[in-house]
Amino acid sequence: MRDELRQAVTDLTFHVWLEPLELVGVLGDRLFVRAPDHVRTLVEERYLPVLKASAKKATGTAATVEVVGDDWQPLPDSSDPSLDQPSSSLNVDLNPRYTFDQFVIGDGNRLAHAAALAVAEMPGHVYNPLFIHGPPGLGKTHLLHAIGNFVSAHNPSLAITYATVDDFTGDFVGALRRGDPDPFRDRFRGADVLLLDDVQFLAEKTRTKEELFHTFNALYESGKQLVLSSDRSPTDLKDFEDRLRERFSSGLVADLHRPDFEVRLAILRKRAARDLTDVAEEALEELARRVTTSVRDLEGALIRVVANSSLRGVAPSPDLVRELIGGLQRQPAVVTITDIQTAVADSFGVPARSLLDQDRRPPIVMARQVAMYLARELTDESLPAIGQAFGGRNHSTVLNAVRRIARAIEDDPPIAATVDNLQQALTHRA
């Protein structure tokens, strides 16, 4: 597996982040990889897809890879009958790090947090459905996973299904192609708690929206809990039918707002403590002042500072924060697709017009896909509207580009850095 990892990433990435990893256990199709505490979180967040792909190459089969710390102990053999528990209490799609304990509460998220906790404590009895919305990176996914983890721990007999809309769509399309909808419907309509993330991406999927409508009704009428998230409120989901928007709004709609300075600082303290990372309070305060956009940006900035300090062999400091983060971040600017096309073309060194043409050269294709991804992330335009702005392409082309870049951000640090730099430049222009 180590040889596959070495081939999958650059030498620098391998030596800094992946070479210290150690395979310490195998249980069925689960591989346990130990990582030093100072890199563990970054490896989990950025390189887990690479680990999974390398494990598949090495073993010839798909495997689940779990990154563990120094205190990990080998698991007992799973054939031990004393370990039997309802299979519904296990959900490999839930991130165990996303819990209510790890969620920092502030004025901008107090209602959403309280509602999510109430739902987790009494699924199907309060706030059903619960619809959480807000800009990317403010904790919607965290709350959905926290609900799932809480229910799993306190009501292990309940069946929990967490899925993104892409998961829901992919499973539905696969069921149609196979002509066998039963496994799909068993998964989603058989859930006691359904957690569905990013419902805004259903906008142009007519048949999938129809299926979600019937899934929603089946669960709601049987008293099952539904929790949905979106980057916009139900009333702003313009490409959805009234009947679906009405169902989304029929329970509690809770929004999320950007955290203030004190909450941002608390988030950084908690993240540093969780990762056992020693960062001076002054450095955390400097980060909290400079990164004001989202929790995701805040944590990403902390990872960037800690990684650079580790590479340089220096302690994280306010001076290092100022060097890496640059000027104070301002509130996001209004971004247009034309702004994005111009910025991406400049970054990739290609003519802006080529993003609209049929040019299939790899650098042009990559630039075009990055621009489409950013258009989806930074504007309220629908997929068809984005496609029209890129030379009249259809919405499926845009969706494929968005998915491809989203995967690349997870697997390819240089692409992740490029997209991050472009997003920061576009949303924090003078």
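Me: What makes Arg110 and Asp107 a salt bridge?
Reply: In this predicted model, the closest N and O atoms of Arg110 and Asp107 are 3.2 Å apart. A salt bridge needs a side-chain nitrogen of Lys or Arg within 4 Å of a carboxyl oxygen of Asp or Glu, so the pair is called one.

Me: Why is Arg110 called partly exposed?
Reply: Arg110 has a relative accessible area of 45%. Buried means under 20% and exposed means over 50%, so Arg110, in between, counts as partly exposed.

Me: Is Asp107, its partner, buried or exposed?
Reply: Asp107 has a relative accessible area of 64%. This is over 50%, so Asp107 is exposed.

Me: How do you know that Glu211 and Arg189 meet in a salt bridge?
Reply: The N to O distance between their side chains is 2.8 Å, and that is within 4 Å, so the pair counts as a salt bridge. Glu211 lies in helix α8 (residues 206-221) and Arg189 in helix α7 (residues 182-189), so the salt bridge ties together parts that are 22 residues apart in sequence.

Me: Is Glu211 buried or exposed?
Reply: With a relative accessible area of 5%, Glu211 falls under 20% and is therefore buried. Its partner Arg189 is at 29% relative accessibility, so Arg189 counts as partly exposed.

Me: What makes Asp359 and Arg361 a salt bridge?
Reply: The closest N and O atoms of Asp359 and Arg361 are 2.7 Å apart. That is within 4 Å, so the rule is met.

Me: How many salt bridges does this rule give?
Reply: The count comes to 19. Salt bridges also link Glu286, Arg289, Arg290, Asp319 and Arg322 in a network.

Me: Why is Leu252 called buried?
Reply: Leu252 has 19% relative accessibility, and buried means under 20%, so Leu252 counts as buried. Leu252 is found in strand β8 (residues 252-255). Leaving aside residues up to four places away in sequence, Leu252 touches Leu111, Ala115, Tyr127, Pro129, Leu130 and Phe131. The C-alpha atoms of Leu252 and Val227 are separated by 9.8 Å, with the two positions 25 residues apart along the chain counted as their separation.

Me: Is Thr292 buried or exposed?
Reply: At 11% relative accessibility Thr292 is under 20%, so Thr292 counts as buried. Thr292 lies in the loop between α11 (281-290) and α12 (295-312). Its C-alpha atom is separated by 7.5 Å from that of Pro259, 33 residues apart along the chain.

Me: How do you know that strand β1 and strand β2 pair?
Reply: Five bridges join β1 (residues 22-27) to β2 (residues 30-34). Pairing takes at least two bridges, so these strands qualify. The two strands run antiparallel, and Gly25 stands opposite Phe32 in β2. β1 and β2 form a hairpin with two residues between them. Gly28, in the turn, has a positive phi of about 65 degrees.

Me: What does the secondary structure of the protein come to?
Reply: The protein has 18 helices and eight strands. Of its 430 residues, 47% are buried.

Definitions and conventions
Residues are numbered from 1 along each chain as its sequence is written. This is a predicted model: local features need pLDDT of at least 70, side-chain atom pairs count only at pLDDT 80 or more; totals for chains, interfaces and linings use all residues. Side-chain values use heavy atoms; hydrogens and water are left out. Helices (H or I, at least four residues) and strands (E, at least two) are DSSP runs, numbered from the N terminus. Buried means under 20% relative accessible area, exposed over 50%, partly exposed in between (1.4 Å probe, protein chains only). Contact means heavy atoms within 4.5 Å.
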